[in-house]
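Work through the exercises below with the sequence and the three-dimensional view side by side. Try each task before reading its solution.

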Amino acid sequence: MTDTRSEAIVKLANSYTKAWTSHDGASVADHFAPDGQISINAGDPMIGPKAIADMTEGFYAAFPDMHLMCDDVRVSGNNALFVWTFYGHHSETKKFTKISGWEEWHVSDDLKIQSSRGWYDADDYAAQIAGDTN
């Protein structure tokens, strides 16, 4: 793989970040291959554009002011580590929540995310939403 490929995957990560922050689930799903999938914290995979868009819409409903930041991208061939932080106010509790995590990507030859395994601290997430952050 060349530096050009690595640079293209970094651009993919930046575009993916902007899509999340745009609150447009279809735009996020467009970054995945047609049969692409994502799983979060070893949960069942969401496969295909509709399932991925629906998943993002769930986050937007929970955090109407959600913002995603790309903290780092590491690339090795067709694999990448996308490190992120998101923050926003929870729609029900109104608690400010800031969570960091990462996604392990396998990227197709045409620069689409074929698979993503995402990870974040679910206990910290729940505590922040509840306001139990002491």
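The exercises that follow concern a predicted model, and each one is solved step by step.

**Exercise 1. A helix and its buried side**

Task: Find how many residues helix H3 has and how far the helix reaches, and state which of its residues are buried.

Solution. Begin with the extent of the helix: H3 covers residues 49-62, which makes 14 residues. Next, take the distance from its first C-alpha to its last, which is 20 Å, and set this beside the expected span, to which it is close, the expectation being 20 Å at 1.5 Å a residue. Then turn to the side chains, using the cut-off that a buried residue has under 20% relative accessible area. In H3 the buried residues are Ile52, Ala53, Met55, Thr56, Phe59, Tyr60 and Ala62. When reading such a list, it helps to recall that an α-helix has 3.6 residues a turn, so residues three or four places apart point the same way.

**Exercise 2. A neighbour of the helix**

Task: Locate Ala29, decide whether this residue is buried or exposed, and name the residues that Ala29 touches beyond its sequence neighbours.

Solution. Ala29 has its place in helix H2, which spans residues 25-29. Its relative accessible area is 4%, and because buried means under 20%, Ala29 counts as buried. Leaving aside residues up to four places away in sequence, Ala29 touches Pro49, Ile52 and Ala53, and two of these partners, Ile52 and Ala53, are themselves among the buried residues of H3. As a contrast, look from Ala29 to Asp72, which is 43 residues away along the chain: their C-alpha atoms are separated by 21 Å.

**Exercise 3. The cavity**

Task: Determine how many cavities of 30 Å³ or more there are, and describe what lines the largest cavity.

Solution. The count comes to 1 cavity of 30 Å³ or more, and about 160 Å³ of space lies in the largest cavity. The lining is made of 14 residues, and those nearest the centre of the cavity are Trp20, Ile40, Phe59, Trp84 and Glu103. To see which elements take part, note that S1 (32-40), H3, S4 (79-89), S5 (96-107) and S6 (113-120) each supply at least two lining residues, while the largest share, 3 residues, comes from S6. Sorted by character, the lining divides into 12 nonpolar residues, 1 polar and 1 charged.

**Exercise 4. Charged pairs**

Task: State how many salt bridges there are, and for each pair give the distance between the closest N and O atoms.

Solution. There are 3 salt bridges. One joins Lys50 to Asp54, with the closest N and O atoms 2.9 Å apart; both residues lie in helix H3, 4 residues apart, which is about one turn of the helix. Lys50 is exposed at a relative accessible area of 60%, whereas Asp54 is partly exposed at 43%.

Another joins Arg74 to Asp72, again with 2.9 Å between the closest N and O atoms. Here Arg74 is exposed, with a relative accessible area of 56%, and Asp72 is partly exposed, with 28%.

The remaining pair is Glu104 with Arg117, whose closest N and O atoms are 2.7 Å apart. Glu104 lies in strand S5 and Arg117 in strand S6, so the pair ties together parts that are 13 residues apart in sequence. Glu104 is partly exposed at 28% relative accessibility, and Arg117 is partly exposed at 45%.

**Exercise 5. A tryptophan in a strand**

Task: Place Trp105 in its element, and work out which residues Trp105 touches.

Solution. Trp105 belongs to strand S5, and at 2% relative accessibility this residue counts as buried. Not counting residues up to four places away in sequence, Trp105 touches Leu12, Ala13, Tyr16, Asn78, Asn79, Ala80, Phe82, Ile113, Ser115 and Ser116.

**Exercise 6. Positive phi angles**

Task: Compare where His23 and Ala42 are placed, and give the phi of each residue.

Solution. His23 sits in the loop between helix H1 (3-22) and H2, and has a positive phi of about 60° although it is not a glycine. Ala42 sits in the loop between S1 and strand S2 (46-47), with a phi near 65°, also a positive value in a residue other than glycine. In accessibility, His23 counts as partly exposed at 25%, while Ala42 is exposed at 60%.

Key: Residues numbered from 1 in each chain as written. Predicted model: local features only at pLDDT ≥ 70, side-chain atom pairs only at ≥ 80, totals over all residues. Heavy atoms only, no water. Expected span 1.5 Å × (residues − 1). Buried < 20%, exposed > 50% of the residue type's maximum accessible area, 1.4 Å probe, protein only. 1 Å grid on protein atoms, 1.4 Å probe; cavity = no way out; pocket = protein on both sides within 12 Å on 5 of 7 lines; lining within 4 Å. Points joined across faces, edges and corners; volume = space filled by probe spheres on them. Nonpolar A, V, L, I, M, F, W, Y, C, P; charged D, E, K, R; others polar. Salt bridge = Lys/Arg side-chain N within 4 Å of Asp/Glu carboxyl O. Contact = heavy atoms within 4.5 Å.
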